[in-house]
Amino acid sequence: MNTRTADHLASANRRLLVRLAISAAVMFGFGFLLVPFYEKICEVTGINNFLRPEAEAGARAATNTQVDTSRTILVQFDANLHDLPWRFQPVQRSVNVHPGELVHIEYEVSNTRAEPITGQAVPSYGPQLAGQYFRKLDCFCFAQQTLAPGERRIMPVVFVVDPALPADVSTITLSYTFFELKGRKFAASGQGARS
Amino acid sequence: MAAVTPDQLHGHHGPTGLMRWLTTTNHKDIGTMYMIFSFIMFLSGGVLALTIRAELFQPGLQVVQPEFFNQLTTMHGLIMVFGAIMPAFVGFANWMIPLMIGASDMAFARMNNWSFWLLPPAAILLIGSFFVPGGATAAGWTLYAPLSVQMGMGMDLAIFAIHIMGISSIMGAINIVVTVLNMRAPGMTLMKMPLFCWTWLITAYLLIAVMPVLAGAVTMILTDRHFGTSFFNAAGGGDPVMYQHIFWFFGHPEVYIMILPAFGIVSQIIPTFARKPLFGYASMVYATASIAILSFAVWAHHMFATGMPAAGQLFFMYATMLIAVPTGVKVFNWVATMWRGSLTFETPMLWATGFIFVFTMGGFTGLICAIAPIDIQVQDTYYVVAHFHYVLVAGSLFALFAGAYYWLPKWTGHMPNESLGKLHFWCSMVFFNITFFPMHFLGLAGMPRRIPDYALQFADFNALASVGAFGFGLSQLIFIVVVVKCIRGGERAAARSWESAEGLEWTVPSPAPHHTFEEAPVVR
C-alpha cells in the first residue's frame, strides 16, 4: 500500500470515527430525552399522571383526589423507639383533615449518642383497618435514616386519607417505631469474610 | 503502515514481557487478551452461580444469608453479561474480522488497546464491590429503581464499572464498524463478506446506539442517589417505572448484541462441516438487519406487569412475535444448509448443531413469554430464568465454544483434542438441560426468581437443577485442559485446518503469523 492511499484511508477512517462518536454522544442525550418524552406520553394517554391528577381519566382518579369536606377525621401521631438512644417525637400531636386532602406533617428526631446510628421506622395504624385507606405519598419510613452524633432532623410525612374510609372511623392513630439497623453493619463484615 | 520492512512481517517485535501485553496494538494479541479476560470472568460468574445453586439445593437457608444471596444473583448477571459474553465476542471480532476481510489490523489499533485495558479496572470495581460496607449491589442485574437508588456504596461501584465497560464497548464497536466498512480487501464487497462480519457490523451499530442509553440510565441513578435529582423518585415527581422503560430500551437490543455474533459464528461453522455453501446468504443478512431494527420496538414486553394500556400490551406483543420471523429464517437456513450436505460432526459442528437445538427451544419459550396474558403469569418466575438461560448459555455460550474449537487451530497452530472436545460438548449439553429444563416446571408452578428459600413442593426439581449446575460448572474445566493442550502441542494444523473451510482466514498459515495481509489480498 503506498503512502497516498494509506493517508487517504487514515483520513476516511477518522471521518467515520468522528461520525460514530457523535452518534454515541447523541444517543447518550437521547437517553435523557426519554424522560420528558415519557412524561408527555403519560400525560397524553392519561396513565400514571401524579402531577395533574385531575387530567387522569377514569373513576380511580376521582375517588383518589376529591376532597370530602362533609367529614373530618382526627389523625393523631405517635412515636416510639425500640432500644434506640434517640429522641423521636411528632411536631404536631394531631391534625384534623378532610378525606382526600393532601396533608403535610413533620416528625423530629435527634441522635443522643456519640456515634452515627442507622435506623428505620415502621408505621402502624389504629384502628388497623385504617391502614389501607391511609395513602402515604412521602414518608421518612421509606428510607433508612443515618444520624450523625448529636444530629437533629425534621422529617416529613405527606399523606392523603382515602375518601373510601368507612364512615364509622373518625379517629386514626399513626404510630411509628424506630428500629436500629445493626444487621447492615453485621452483614457487611460477614460478607467480607465469606466472599 | 507504509514503513513496514520485511523483517517485521513475521513474529513479534517491540517490548517483551508484561509491557508487550500492556502496549500491544496487534489485533491478535488484543483478541487473545479479550478472550482470556472473558473466560476468567466466566469462571468468576460461574462460582457465584454455583453458590446460588448450593443455597437452592434444599429449602431453607444453609449456605448464605438472603442479603448476600441477592448480591450473588445481581453480580452473577452483571459479570456474565458485561464481563464474559460481550468481551468474548469482541475478542472473536478482534481476532477474526481483520483475517476474514483481508485487513492488516483493526482501523484504530491504539484505541483497540485502550478498549481492552479499560475492562480489567471495571472488573476490579465490580468484584471489589463485594468487600465494601453493605456489600455489592443487590438490586438485580437490571438495577431497577427504587432499589438501586437506595443501595449502599456497592451500587456506586457497579455504576462506575458499567460506565467504564460501556465506554470500552462503544470504542470497540466504533473500531469494528470502521474496520468492516473501510478496511476490506479489494474485491471484498459487502455482500461477499463472511456472515460473522455482517452480524458483527450490525451488532456494532446496536452497541453504538444503546450502550450510551444505559450509561444515561445509570447516570440518572447516580444523580438521584447523590445529587438530589428525582428522575425515579416519586416523592420528587419522578417515576420508578420510567427507569424500566429506559433500561429496556437498552436492554432488549442488548439481548441481540449478545446473540447476533453467535449467529455469525454458527453461520461460519455449519457450511464448513456440511460441505455446502450457506443456504440463503442474502436472506441471512436481511434477517440479521431486521432483527436489529425490530429490537428497538419491543422493549416493553419485559414490563407487561407494570400496568400499561391494553393497546400498548398488544403492540409490544405483536412486535415481539414478529421477531420470530427473521429468527425462524435463520434457523431454517441453517437446517437447509445441513440438508443433503456431507455432514461430519467434529467438535465445532457438534457445538453448532447443539446450539441450533437448544437455542430454538429458548426461542420458543421466548415466544410463549411474549404472549401478554401468559407473561403476566410467568413474570419473575423461574420460567423466565429458564428461558433466558436457554438463549444465553445454550445460545451465546455454546456458539462461543463452537467458534473457539473452530478457530483454535488458526490461533494456536494445533488441532484441539477431538475426544476431549466431544466430552466437553456432551457433558455441557446433558448437564445444561438437567440444570435448566426443570426450571420451566418450577416457573410454571409459580416459584419466583431471585429468592434464597422456597416452598417445599419445589424441593425435588431444585435439587436436580443444583446437581446439573455443578456438573455443568465442572465440565467447563475440560475446556481449559483442551486449550492448554492445544497451545502446548498436538496435531499440526494446516492453513486450511478443516476440510472444506472457506474464507480468507484459512489462506494464512496456522498459527496465524503476528502480521497478516500487509499486502491486501485480492478477492474475486
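**Exercise 1. Work out how much surface chain A exposes, and what share of that surface carbon and sulfur atoms supply.**

Step 1. Keep in mind that you're looking at a predicted model. In it, the exposed surface of chain A comes to about 11100 Å².
Step 2. Now split that area by atom type: carbon and sulfur atoms supply 57% of it.
Step 3. Flip the view to what's hidden. Chain A has 195 residues, and 36% of them are buried.

**Exercise 2. Sketch the order of helices and strands in chain A, then say how contacts spread along the sequence.**

Step 1. Count the pieces: chain A holds three helices and nine strands.
Step 2. Put them in sequence order, and you get α-α-β-β-β-β-β-β-β-β-β-α.
Step 3. Take the contacts between residues at least 6 apart in the sequence of chain A; 71% of these link residues at least 24 apart.

**Exercise 3. Find the open four-stranded sheet in chain A and give its strand order.**

Step 1. Walk across the sheet, and the strands of chain A come up as β2-β4-β8-β6, paired antiparallel.
Step 2. Check the edges. β2 (86–90) and β6 (134–139) of chain A each pair on one side only, which makes them the edge strands.
Step 3. Add the twist: going from one strand to the next, the average is 25°.
Step 4. Zoom in on β4 (residues 102–111) and β8 (residues 152–161) of chain A. These two run antiparallel, with nine bridges joining them.
Step 5. Pick one bridge to look at: Tyr107(A) has Met155(A) in β8(A) as its bridge partner.

**Exercise 4. Locate the disulfide, work out its handedness, and decide whether its two cysteines are buried or exposed.**

Step 1. Look for sulfur pairs using the cut-off of within 2.5 Å. Cys139(A) and Cys141(A) make the grade, with S to S at 2.3 Å.
Step 2. Check for others: the count over all chains is one disulfide.
Step 3. Read the torsion about the S-S bond of Cys139(A) and Cys141(A). It's about 130°, so this disulfide is right-handed.
Step 4. For burial, the cut-off is under 20% relative accessible area. Cys139(A) sits at 4% relative accessibility, so it counts as buried. Cys141(A) is at 8%, so it's buried too.

**Exercise 5. Classify Cys42(A) and Cys369(B) as buried or exposed.**

Step 1. Start with Cys42(A): its relative accessible area is 9%, so it is buried.
Step 2. Move over to chain B. Cys369(B) has a relative accessible area of 10%, so it is buried.

Notes. Residues are numbered from 1 along each chain as its sequence is written. Chains are lettered from A and ligands numbered from 1 in the order in which they are written. This is a predicted model: local features need pLDDT of at least 70, side-chain atom pairs count only at pLDDT 80 or more; totals for chains, interfaces and linings use all residues. Side-chain values use heavy atoms; hydrogens and water are left out. Two strands pair if DSSP finds at least two bridges between them. Axes are lines fitted to C-alpha atoms, for helices over the stretch in contact, and angles run from 0 to 180 degrees between N-to-C directions. Buried means under 20% relative accessible area, exposed over 50%, partly exposed in between (1.4 Å probe, protein chains only). Contact means heavy atoms within 4.5 Å. Accessible areas come from the Shrake-Rupley method with a 1.4 Å probe; for residues, only the protein chains shown count as cover.
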